[in-house]
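Thanks for making the time this morning. I would like to take you through one chain, going from single residues out to whole helices and back again.

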Amino acid sequence: MGGNHTLIKFILLGITNSPHMQVPLFVLFLLVYIVTLVGNIGIMVLVWVVPSLHTPMYFFLTHLSFADICYSTVISPKMLADLLSENNTISFAGCVTQFHGFAFFATVECHLLAVMAYDRHIAICIPLLYVTVISRHICWQLVASSYLIAVLSAIIYTACTFGGSFCRPNQIDHFFCDVNPVLRLTCSDTRSNEMVIIVFVAINAVGTSMAILLSYTCILRTVLRMPSAWSRSRAFNTCTSHLTAVSLFYGTIFFMYLQPASNHSSLDKVASIFYTVVTPMLNPFIYSLRNKEVKDALVKCRTRMLNHC
């Protein structure tokens, strides 16, 4: 990343300017962060210790939980500290690191959501080929490709965001180092960088969202042909909850990153809270705790613990 970096630190203006709101927001977001950690770590441990959950779907889910933990941790601790501190500075290197980590794990999340939708598509639409199509080797390939694409994308996002010259006031009007607030501080022309970012967001976010939409379209067509009303209802409930989480995540991503920096408004912080804080907390409940397999696994674990006591 070339560029004349005349700033050695930034000031994060945070979520709110009201001192009276800082403590309530700290308590709220601390609870959300704790639930995020407990929920996602709990899913990872449960899948690890219960043999019946050693299936491709839950293999992908553990990586989704890992991504949720990591990209929430990239954002939340600093945000929480700033809510109780008057010194909301972050070094240039720290800002670059925070953004790079966020871009990496958010991109991983996009591709894992698409992989999970593809897994459900194969399981429901062509179940006889499931073991062949979603083999253990293919599972590792799909996950590895998600991480590889995320590495390359995060490098490009970071280079385009921090590769210019910073010579304006060093106040970032956001609660973390994000693309658009950082680009507003550069004194060089950022139009080409913005276009590169928009193109790669379109490739990652729009591409994966279309894959998810196509997978669920095929799933819904198959579900509608099911003879049992109970089976249709159960499948519809699962699809609806998954699509709700996907819509929340992708909707805010599109709002934030598929428009020029000059078009952004004060709603950016609200949208950012949804995909950085809320979605990682909701995913364990939506993708796992609504499943009968997970509920049965929780019962078995509780029974096993009680027997050992």
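Which residues does Thr279 touch, not counting residues up to four places away in sequence? What you see is a predicted model, and in it Thr279 touches Tyr71, Glu109, Leu248, Phe249 and Phe274. Thr279 itself sits in helix 9, which runs over residues 267–289, and at 3% relative accessibility it counts as buried, because the cut-off for that word is under 20%. One of those partners, Phe249, lies 30 residues away along the chain, and yet the C-alpha atoms of Thr279 and Phe249 are separated by 6.5 Å.

Let me turn from there to the nonpolar core. The largest one has 90 residues, and those with the most contacts inside it are Phe29 and Tyr287. The largest share of this core, 18 residues, is contributed by helix 3, residues 92–125. If we set aside residues up to four places away in sequence, Phe29 touches Ile15, Met79, Leu80, Leu83, Ile273 and Val277.

Helix 3 deserves a closer look. It has 34 residues and reaches 49 Å from its first C-alpha to its last, close to the 50 Å expected at 1.5 Å a residue, and it is mostly covered, with 25 of its 34 residues buried. Gln98 is placed in this helix, and, with a relative accessibility of 6%, it counts as buried. Leaving aside neighbours within four places in sequence, Gln98 is in contact with Val74, Ile75, Lys78, Ile90, Phe176 and Cys177.

Helix 2 covers residues 56–83, and its 28 residues reach 40 Å from the first C-alpha to the last, close to the 40 Å expected at 1.5 Å a residue. Where does the kink in helix 2 lie? A kink of about 35° is found at Thr73, shortly before the proline Pro77. Helix 2 is, like helix 3, mostly covered, and 22 of its 28 residues are buried.

Just ahead of it comes Leu53, in the loop between helix 1 (19–49) and helix 2. Leu53 is buried, with a relative accessible area of 0%, and, again not counting residues up to four places away in sequence, it touches Leu46, Val47, Tyr58, Glu293, Val294 and Ala297. Of these, Glu293 is 240 residues from Leu53 along the chain, while their C-alpha atoms are separated by 7.4 Å.

Now for the annotation. The unreviewed UniProt entry lists as "transmembrane region" residues 25–50, 57–79, 99–118, 138–159, 195–223, 235–258 and 270–289. I have looked at two of these spans in the model. Over residues 99–118 the chain is 100% helix and 0% strand, and the end C-alpha atoms are 29 Å apart. The span 195–223 is also 100% helix and 0% strand, with its end C-alpha atoms 40 Å apart.

My last residue is Thr222, which is found in helix 7, residues 191–224. Is Thr222 buried or exposed? Its relative accessible area is 18%, and since buried means under 20%, Thr222 is buried. The Thr222 side chain reaches the backbone oxygen of Cys218 at 3.0 Å, and, leaving aside neighbours within four places in sequence, Thr222 is in contact with Ile124 and Cys125. I will stop there and take questions.

Note on methods. Residues numbered from 1 in each chain as written. Predicted model: local features only at pLDDT ≥ 70, side-chain atom pairs only at ≥ 80, totals over all residues. Heavy atoms only, no water. Core = buried A, V, L, I, M, F, W, Y, C linked by side-chain atoms within 4.5 Å. Buried < 20%, exposed > 50% of the residue type's maximum accessible area, 1.4 Å probe, protein only. Helix = DSSP H or I, 4+ residues; strand = E, 2+ residues; numbered from the N terminus. Contact = heavy atoms within 4.5 Å. Expected span 1.5 Å × (residues − 1). Bend = angle between axes of the 7 residues up to and from the residue. UniProt positions renumbered as here; feature names shortened; annotations may be inferred. Polar contact = N/O pair within 3.5 Å; in protein donor to acceptor, adjacent residues only side chain to side chain.
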